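Please look over the following model, after which a short set of questions and answers works through parts of its fold.

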Amino acid sequence: MSKVEDFLTSEEEAAIIEAIRIAEKNTSGEIRVHLEPTSTSAEEPNEHIDAFDRAAEVFDMLNMDNTKEGNGVLIYVAVQDRTLVIMGDKGINDIVGQNFWESTKDIIINHFKNGDMKQGLVEGILKAGEQLKKHFPYQKDDKNELSNDISVG
């Protein structure tokens, strides 16, 4: 399963988008999922770069830092590289520990290892929502600040 197009079916994509919607009902945080074949630089498409650096580029490209509370979360997957990065915005990183996302990452990776990409992302998204709820509870005037759609690079 090396192509992004083959990574998820349209039904699986719908389940992931629904998980984002459910997770965001409990938090003012915003969760996005981005899939692409490999971690390559936006400036140099043939240059392979560190997945964390590429996730930071995607974070910026998706305007994830445009939330009122700085509480956007990106789940970045480079399909062919078999790489996963979970990146939180400044508002999250300023108040949580360095290993805040490790349990979420572990859930996703364990499902990926078993070939269940959809379930890994769904459970990871729901776990991220639970974690965000502790620090960024849902507010009654909360607006969905970022798209719930899966972005593909």
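Two strands pair if DSSP finds at least two bridges between them, and helices (H or I, at least four residues) and strands (E, at least two) are DSSP runs, numbered from the N terminus. This is a predicted model, in which local features need pLDDT of at least 70 and side-chain atom pairs count only at pLDDT 80 or more, while totals for chains, interfaces and linings use all residues. Residues are numbered from 1 along each chain as its sequence is written, and side-chain values use heavy atoms, with hydrogens and water left out.

Q: Which residue in S4 is the bridge partner of Leu35?
A: Strand S1 (residues 30–36) pairs with S4 in the parallel sense over two bridges. In S4, the bridge partner of Leu35 is Val152.

Q: Which strands stand at the edges of the sheet?
A: The open sheet has four strands with mixed pairing, in the order S3-S2-S1-S4. Two of these strands have a single partner strand each, so one side of each is left without a neighbour in the sheet; they are S3 (83–88) and S4 (151–152).

Q: Which residues are joined with Arg54 into one network by salt bridges that share partners?
A: A salt bridge is a side-chain nitrogen of Lys or Arg within 4 Å of a carboxyl oxygen of Asp or Glu, and Lys90 forms one with Asp94 at 2.8 Å between the closest N and O atoms. Elsewhere, salt bridges that share partners form one network, joining Arg54 with Glu36 and Glu57.
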